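This report sets out selected structural features for a reader at the bench. The text should be read alongside the displayed coordinates.

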2 protein chains.
Amino acid sequence: MKNTLLKDIFASPSDYSEKEIEVSGWIRTIRASKNFGFIELNDGTFFNSIQIVFEENLSNFKEVAKYPISTSIIVKGRLVLTPGSKQPFELKAAEIVLEGLSLSSYPLQKKRHTFEYLRTIAHLRPRSNTFSAVFRVRSVAAHAIHSFFQDRRFVYTHTPIITGSDCEGAGEMFRVTTQDLYNIPKDENGKIDNSFDFFGKETNLTVSGQLEAETFALAFRNVYTFGPTFRAENSNTGRHAAEFWMVEPEISFADLNDDMDLAEDMIKYVIKYVMDKCPEEINFFNARIDKGLIERLNNVISSDFARVTYTEAVELLQKSDKKFEYPVFWGCDLQTEHERYITEEIYNKPVFLTDYPKEIKAFYMRVNDDNKTVAAMDMLVPGIGELIGGSQREERLDVLEARIEEMGLNKDDYWWYLDLRKFGGVHHAGFGLGFERAIMYLTGMTNIRDVVPFPRTVKNAEF
Amino acid sequence: MKNTLLKDIFASPSDYSEKEIEVSGWIRTIRASKNFGFIELNDGTFFNSIQIVFEENLSNFKEVAKYPISTSIIVKGRLVLTPGSKQPFELKAAEIVLEGLSLSSYPLQKKRHTFEYLRTIAHLRPRSNTFSAVFRVRSVAAHAIHSFFQDRRFVYTHTPIITGSDCEGAGEMFRVTTQDLYNIPKDENGKIDNSFDFFGKETNLTVSGQLEAETFALAFRNVYTFGPTFRAENSNTGRHAAEFWMVEPEISFADLNDDMDLAEDMIKYVIKYVMDKCPEEINFFNARIDKGLIERLNNVISSDFARVTYTEAVELLQKSDKKFEYPVFWGCDLQTEHERYITEEIYNKPVFLTDYPKEIKAFYMRVNDDNKTVAAMDMLVPGIGELIGGSQREERLDVLEARIEEMGLNKDDYWWYLDLRKFGGVHHAGFGLGFERAIMYLTGMTNIRDVVPFPRTVKNAEF
């Protein structure tokens, strides 16, 4: 008999009413009296569990009654609708077959565990309600990203993970090597000889696929990346991970306004998609993790995002009565406290800040006519601040070359990037969305370690 | 005026007939006489280009006539259907605005270039027909993978890239470190002290997400990974890359037959999806790259895949008249020549080979009752041989522990993997598809370097 999946039963219980079916899964809770018992069985395909009722007519009633939590079983029985009761239906067991017994030392007993503790059993935590919800939302949100861009015929581009170049010139990269660390070849001046390394040169893990994505945008017009990126930043906070996934679209024949339109459409699409496909999970988060979640997400979906220049924002912040920890002045890098004040207090909806001072932004952003600011944008959202950062890219060869020199970078390293401005360059733009940041926003989870299956952070690469 | 995209015009030309539209893109070819000229303009959203007709009434006719290939332009004009002629329609230009001039040194002139040469300009090669087709197919095939699994509610799981464990015990991994290679800390015995490294231990790039995916399969029942994996294998062939993408589903309450059903369904789905969404590209490959492509793909879609044990296959090979380079005997690792003979000559359709000798397979594969073979399967397809490898996983704790010891691995390294067999283990299975191998199969391209945007191979990490 083929297993019926809980996702299908919950989607349409009446289709299975009074039918003999077989389900399989893991025991979430079990309680039994002398003559009968109840099992909450979860099969992984749906957030909710199914209630199994078993009675003493079962040949193995006494064994079943003693099964520890997390034991896996296969149950044959009849589905009975139970309108008006807490469960919409239950399965009256005719047969329960043991698949795999769980030890009573199962570390995920039915009580409240701290998230810190659950990180130490990251291989088991997806069996809890919270992490079942987090990682299903993560999966569905990932598909929302792909569907959004593929529906618009953007070309998904797998930019390289191992790279010989440093996109932002920002440093803090992980070295990738096959050298024998006990015996690293050096040249006659004592310098490490990378010609013996696997790639014949120094290589690192990528911090961004943007520059390579631009090469594809100049061929396919509209492209996006979605893959892992890395920062060897020694920050032990709830917002930093050494390994995280980024979404980076690049669009040609497009300016900063087109870029903001795309970012706004994408965020609204992803939120709607997840709320539509994962109502049980979102309701759970709203009830247990973050009481304002649904209201906040609905506010994002229904708002027209504000668009304000950095210069205007600095004036608004300076005029406000709010005392900030960090002072605000034109040219300063805005802190999360400033960003949240703008989006939460001043506008109470998502805000694009645009046209930042060029000194605090990357070399590839397009210089505005004032020669002081660049066509950059950050999307700020209530609750966390910056969610997306993007810009129109500098398409003018001479300006770009001057910026590279100004920033102390080596022009030769960017020969292929400069080529894009020589052979039919076009105005183009793009942005980056930190995928974990988005999942935190969608779930109300506040620590990045709790939205990554197996997080990599300072001094931690377990599993 | 908003640009109209070529994908939309080609989808329904009559919607635009006799309308004034604006398109933008890059000049693929241009030829002009004294009074008029033709431009093939490609905007990246579609495989085909649009024909622009321009005449001397254009104010900048003389400049336009001299634009080098790859110059980017914006064209306003009227779309005219031209039934019966080579082009289904053309755009009669009323205005052509220069966006970005291309230098005449543009290295991708309209002539046949070798694939080897095009690899040296990987940042420009997607502007050629072949690579435009390859990378659009790659994108669409990636979405096919996601759609296939998401439709079935599999949970997409981002398994870690940086890992402290070595899944297969196969070695040949890339080391990831932030140590100063000039001054690596050592302990009093001269051993490298990894406690000073970023993660406080030795870390490498993953070769497979399978073991971590299994932890999620034991919570969500059905999961899949799709991400980059790495092998530091010193093989300079057309089939090996150091960085490649893998698809790895894991299914619970499933045996080897379920695993083969899933693999067969997935491959057929992906091929159908790509043929349906990319007919221009597939026709191009069939005409220019591999004349038998469409026939071969159709054969896969319409066949019921054969299922044959390794033992039967060895007998069939031994009985055949074919002279092989490598001898065939029970216990040998089958070579590509054997695999291709089986699938091309004996069956002329895809074949699953099952139940391999345990000595030549990994520790986690389920040992069969004969205690000589394991419940493994390889999917062989005409044209290339092995496309997918999978197995039922060993769910019995004692057998698994014995296998780990037998293979000389350290049990302690697998504590969390063994936990899965202690706390409600279930029979489960999974497989791995090398995504590049699949793209080669879908396109007829024969070198892995030509299906990866920026390939990483021995001594090569350019761009």
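The account below moves from overall dimensions to charges, a helix and single residues.

**Overall description of chain A**

The model is predicted. Chain A contains 13 helices and 16 strands, and its C-alpha trace spans about 85 × 60 × 45 Å along the principal axes. Of its 463 residues, 62% count as buried. When contacts in chain A between residues at least 6 apart in sequence are considered, 66% join residues at least 24 apart. The chain exposes about 18100 Å², of which carbon and sulfur atoms supply 46%.

**Charges and a positive patch**

Chain A carries 55 positive and 69 negative charges, and the mean positions of these two sets are 7 Å apart. On the surface, Arg31(A), Lys86(A), Lys110(A), Arg112(A), Arg288(A) and Lys291(A) form a positive patch. One of these residues, Arg31(A), is placed in strand β1 (residues 20–32) of chain A. Why does Arg31(A) count as exposed? Its relative accessible area is 52%, and the term applies to values over 50%.

**Salt bridges**

Side chains of opposite charge can pair when their charged atoms come close. Over all chains, the count comes to 50 salt bridges. The table lists three of them by the separation of their N and O atoms.

| Positive residue | Negative residue | N to O distance |
|---|---|---|
| Lys92(A) | Glu90(A) | 3.1 Å |
| Arg136(B) | Glu281(B) | 2.9 Å |
| Arg421(B) | Glu214(B) | 2.9 Å |

In the salt bridge between Glu90(A) and Lys92(A), Glu90(A) is buried, with a relative accessible area of 13%, whereas Lys92(A) is partly exposed at 31%.

Which parts of chain B are tied together by Arg136(B) and Glu281(B)? Arg136(B) lies in helix α4 (residues 129–151) of chain B and Glu281(B) in helix α7 (residues 279–288) of chain B, so their salt bridge connects parts that are 145 residues apart in sequence. Arg136(B) is buried at a relative accessible area of 8%, and Glu281(B) is buried at 3%.

The salt bridge between Arg421(B) and Glu214(B) has its closest N and O atoms 2.9 Å apart. Because Arg421(B) is in the loop between α12 (415–419) and β16 (428–434) of chain B, while Glu214(B) is in helix α5 (residues 210–220) of chain B, this pair ties together parts 207 residues apart in sequence. Both Arg421(B) and Glu214(B) are buried. In chain A, salt bridges that share partners join Glu214(A), Glu250(A), Arg393(A) and Arg421(A) into one network.

**Helix α10 of chain A**

Helix α10 of chain A covers residues 336–346, and its buried residues are His338(A), Glu339(A), Tyr341(A), Ile342(A) and Thr343(A). An α-helix has 3.6 residues a turn, so residues three or four places apart point the same way. The cover over the buried residues of α10(A) includes helix α9 (310–319) and strands β13 (351–357), β14 (373–381) and β15 (385–393) of chain A. After α10(A) comes Asn348(A), with a positive phi near 50°.

**A buried glycine**

Is Gly37(A), in strand β2 (residues 36–42) of chain A, buried or exposed? Gly37(A) is buried, because its relative accessibility is 0% and the limit for that term is under 20%. Beyond neighbours within four places in sequence, Gly37(A) is in contact with Arg31(A), Ala32(A), Ile52(A), Val53(A), Phe54(A) and Phe61(A). Arg31(A) also belongs to the positive patch. The C-alpha atoms of Gly37(A) and Leu124(A), which are 87 residues apart along the chain, are separated by 26 Å.

**Loop residues with positive phi**

Most residues other than glycine have a negative phi. Arg153(A), which is not a glycine, nevertheless has a positive phi of about 60°. Arg153(A) lies in the loop between α4 (129–151) and β6 (155–156) of chain A and is partly exposed, at 40% relative accessibility.

Asn371(A), likewise not a glycine, has a positive phi of about 60°. Its place is the loop between β13 and β14 of chain A, where it is partly exposed with a relative accessible area of 48%. In chain B, Asn371(B) is found in the loop between β13 (351–357) and β14 (373–381) and is partly exposed, with a relative accessible area of 48%. The C-alpha atoms of Asn371(B) and Thr443(B) are 41 Å apart, and the two residues are separated by 72 residues along the chain.

Terms used
Residues numbered from 1 in each chain as written. Chains lettered and ligands numbered in written order. Predicted model: local features only at pLDDT ≥ 70, side-chain atom pairs only at ≥ 80, totals over all residues. Heavy atoms only, no water. Patch = residues over 30% accessible without salt bridge, like charges linked within 9 Å, V, L, I, M, F, W, Y side chains within 5 Å. Areas by Shrake-Rupley, 256 points an atom, 1.4 Å probe, with all protein chains shown as cover. Salt bridge = Lys/Arg side-chain N within 4 Å of Asp/Glu carboxyl O. Lys, Arg positive; Asp, Glu negative; His and termini not counted. Charge placed at Lys NZ, Arg CZ, Asp CG, Glu CD. Helix = DSSP H or I, 4+ residues; strand = E, 2+ residues; numbered from the N terminus. Buried < 20%, exposed > 50% of the residue type's maximum accessible area, 1.4 Å probe, protein only. Contact = heavy atoms within 4.5 Å.
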